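Explain where this structure leaves open space at its surface and what lines that space. Then turn to one residue in a helix and describe its surroundings.

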Amino acid sequence: MSKKKSRPTPVAAEPIPGLVDAHTHLASTGKAVSELVERAVTAGVERLCTVGDGLREAELALQAARDDERVFAACAIHPTRAGELDGAARARLREMAADERCVAIGETGIDTYWLTHAPDSTAPLDVQEEALRWHIDLAVECGKALMIHNREGDEELMRILADSPPPREVMLHCFSSPVEVAREAIERGYVLSFAGNVTFKRNDALREAAALAPVGQLLIETDAPYMTPEPYRGARNEPALIGHTALAVAQARGMRVADLAVEVSETFDRVFGLDR
């Protein structure tokens, strides 16, 4: 009887000074935030944005940002949980958005994947759209970036963004759409943020999209504890592993990873309003 092959323990790439992690979920990793941040710093990460996909996680994200000057927060209700966006949730999110440690409204967006695979466990599309439009208005109102989640919702998302008031910045987190969508998003001025899936062997189209994004319209992220990069795909992700994604994106763009770190760091600061 053959033994099940064990996954290798994830190890950070060689330290790459000046890295940023534009989207992570520190509260969902199952580890102490301070431990995660220190490991990330050892790997070269200087700043990161931790995200709430519901009120509870948003509260934790904001607290993490208040506790550590290297951490910033994004707050919103995830599209699959859009039914939770009641009056009380809207009032609390407005309060969070006004906090200087909250630098983005997100993650919000469109997710039709679960409508197909588990329709009883997710919000209907019309409820998702209503929530997205509310979050867009909030981002415009407070002058902060809009952080978008999009899973198999390209057509609906691009339509809604096109006929809504434009936020100061639109960041498409964990960009996973076809190259044609990347081109349209770039033309509209949106920022594409690439996670560990850009390292997956069969994702040539995603690496092509990463190569297309102009300077100023590219970010990298971990989306930890999800989207763990190769060669550790399937294991639990954390910000310290972002160097693997940075290396893959730099190679796709034909540039030194040190230069990529500088580029994405400057974009991080602009998108999240830290360069003011």
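The largest pocket in this predicted model encloses about 540 Å³ of space. Its lining is made up of 20 residues, and those closest to the centre are H149, R151, C174, D223 and M227. Two elements give two or more residues each to this lining, namely strands β4 (102-111) and β5 (145-151). The larger share comes from β5, which gives the most of any element, with three residues. By class, the lining of the largest pocket holds nine polar, seven charged and four nonpolar residues.

The second largest pocket has a volume of about 200 Å³. It is lined by 16 residues, of which P10, R39, E238, A240 and L241 are the closest to its centre. Here the lining divides into eight nonpolar residues, four polar and four charged. In the largest pocket, by comparison, the nonpolar residues number four.

Both descriptions rest on a simple idea: rolling a probe the size of a water molecule over the atoms shows where empty space is left.

Apart from the pockets, consider a single side chain. E263 is found in helix α10, which covers residues 257-271. Is E263 buried or exposed? Its relative accessible area is 9%, and because buried means under 20%, E263 counts as buried. Leaving out residues up to four places away in sequence, E263 touches V215, L218, R253 and M255.

How values were computed: Residues are numbered from 1 along each chain as its sequence is written. This is a predicted model: local features need pLDDT of at least 70, side-chain atom pairs count only at pLDDT 80 or more; totals for chains, interfaces and linings use all residues. Side-chain values use heavy atoms; hydrogens and water are left out. On a 1 Å grid over the protein atoms alone, a cavity is a set of points where a 1.4 Å probe fits but cannot get out, and a pocket is an open set with protein on both sides within 12 Å along at least five of seven lines; lining residues have an atom within 4 Å of a point. Grid points are joined across faces, edges and corners, and a volume is the space filled by probe spheres set on the points. Helices (H or I, at least four residues) and strands (E, at least two) are DSSP runs, numbered from the N terminus. Ala, Val, Leu, Ile, Met, Phe, Trp, Tyr, Cys and Pro count as nonpolar, Asp, Glu, Lys and Arg as charged, and the others, Gly among them, as polar. Buried means under 20% relative accessible area, exposed over 50%, partly exposed in between (1.4 Å probe, protein chains only). Contact means heavy atoms within 4.5 Å.
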